[in-house]
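The following exercises are to be worked with the sequence and the structure in view. Each task is followed by a solution in steps.

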Amino acid sequence: MHLGAKVQREWPLRPQPPQGEVVDASDVIIFSVKPQVVVKTVVLQLRPLLSKKKLLVSIAAGVKLQDLEEWAGHGRFIRVMPNTPSAVGMGASVMSLGGAATEQDGELVGKLFGAVGKTWKADEKLFDAVTGLSGSGPAYIYLAIEALADGGVTAGLPRELALGLASQTVLGAAAMAVQSGKHPGQLKDDVTSPGGTTIAGIHELEKNGFRGTLMNAVVAAAKRSQELSRK
């Protein structure tokens, strides 16, 4: 996972020797391999070095804490579900602490992933829903940006201008949702004048099931996450 410039300042990155030596010399070990079978193989290979003195962190999607703890031989494990905007310092990460992980361990991991975005704690049973929303969600937004830009081109805008306006509009709207403290419905109403252009556009979105489609996408991705975690 690319941690970005801020993390590199706080935790300088440098070339490392073979993984056994890295594990032996480290206090925190992050497992970021996939799929599940590879995670299991790596953890089992390193198990002799994974003492309870080492904090173990997994960002492998669909791999449960119970399995990770069994493979490692102890429960000082924290599972984290980040997303790809972490690469630009705008990530959304959710973590769940294993049975032997302490609050101090959680604070440390929160600081690490907080350097590349925002972090939350949640029960692991919610992780499939987290995957469906924030894990897969960036792809939904990319589709929305592309569609908005295509709409702009259809209406007569040059492609570069349309894409820039679409991207900045999504970025600005998200910032207002985070910073204003207002419900998204209120923010929507603030833009929507009676009989105006925005309500005409919203009417089209509602006729085509825009909100229901997004809800269904999150649920479908969450169900797929459940299926994958059972394999």
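**Exercise 1. Two buried residues**

Leucine 65 is found in helix H4. The model is a predicted one, in which local features need pLDDT of at least 70 and side-chain atom pairs count only at pLDDT 80 or more, while totals for chains, interfaces and linings use all residues. Residues are numbered from 1 along each chain as its sequence is written, and side-chain values use heavy atoms, with hydrogens and water left out.

Task: Determine whether leucine 65 counts as buried or exposed, and state which residues leucine 65 touches. Then treat serine 93 likewise.

Solution.

Step 1. Helices (H or I, at least four residues) and strands (E, at least two) are DSSP runs, numbered from the N terminus. Buried means under 20% relative accessible area, exposed over 50%, and partly exposed in between (1.4 Å probe, protein chains only).

Step 2. Leucine 65 counts as buried because its relative accessibility is 5%.

Step 3. Contact means heavy atoms within 4.5 Å. Not counting residues up to four places away in sequence, leucine 65 touches Phe77, Ile78, Arg79, Ser96, Leu97, Gly98 and Glu124. Of these partners, arginine 79 is 14 residues away in sequence, with a C-alpha to C-alpha separation of 6.6 Å.

Step 4. Serine 93 has its place in strand S4 and is buried, since its relative accessible area is 2%. Its contacts, leaving aside neighbours within four places in sequence, are Val80, Met81, Pro82, Ser86, Phe113, Lys118, Thr119 and Trp120.

**Exercise 2. Strand S2 and its partners**

Task: Describe which way the side chains of strand S2 point, how S2 pairs with S1 and with S3, and which handedness the crossovers have.

Solution.

Step 1. In a regular strand the side chains alternate between the two faces of the sheet. In S2 (residues 55-58), Leu55 and Val57 point one way, Leu56 and Ser58 point the other way, and all are buried.

Step 2. Two strands pair if DSSP finds at least two bridges between them. S1 (residues 28-31) runs parallel to S2 and is joined to it by four bridges; here phenylalanine 31 stands opposite serine 58.

Step 3. Three bridges link S2 and S3 (residues 77-81), again in the parallel sense. In this pair serine 58 faces arginine 79 of S3.

Step 4. The chain passes from S2 through helix H4 (residues 65-72) to S3 in a right-handed β-α-β crossover. A crossover is right-handed if, with the strands pointing away from the viewer, the path from the first strand over the helix to the second runs clockwise. S1, helix H3 (residues 36-46) and S2 also form a right-handed β-α-β unit.

**Exercise 3. Salt bridges**

Task: State how many salt bridges the structure holds, and examine the pairs of aspartate 150, aspartate 190 and arginine 224.

Solution.

Step 1. A salt bridge is a side-chain nitrogen of Lys or Arg within 4 Å of a carboxyl oxygen of Asp or Glu. The structure holds nine of them.

Step 2. Aspartate 150 meets arginine 159 at 2.7 Å, N to O. Aspartate 150 is partly exposed, at 32% relative accessibility, and so is arginine 159, at 44%.

Step 3. Aspartate 190 meets lysine 182 at 3.0 Å, N to O. Both are partly exposed: aspartate 190 at 44% and lysine 182 at 40%.

Step 4. In the salt bridge of arginine 224 with glutamate 227, the closest N and O atoms are 3.0 Å apart. Both residues lie in helix H11 (residues 210-230), three residues apart, about one turn of the helix. An α-helix has 3.6 residues a turn, so residues three or four places apart point the same way.

**Exercise 4. The annotated region**

Task: Which domain annotation covers residues 124-228, and against what do the buried residues of H6 pack?

Solution.

Step 1. An unreviewed UniProt entry gives "domain: Pyrroline-5-carboxylate reductase dimerisation" for residues 124-228. UniProt positions are given in the numbering used here, feature names are shortened, and annotations may be inferred rather than shown by experiment.

Step 2. Over residues 124-228 the chain is 82% helix and 0% strand.

Step 3. In helix H6 (residues 127-135) the buried residues are Phe127, Asp128, Val130, Thr131, Gly132 and Ser134. They pack against S3, strand S4 (91-97), helix H7 (137-154) and H11.
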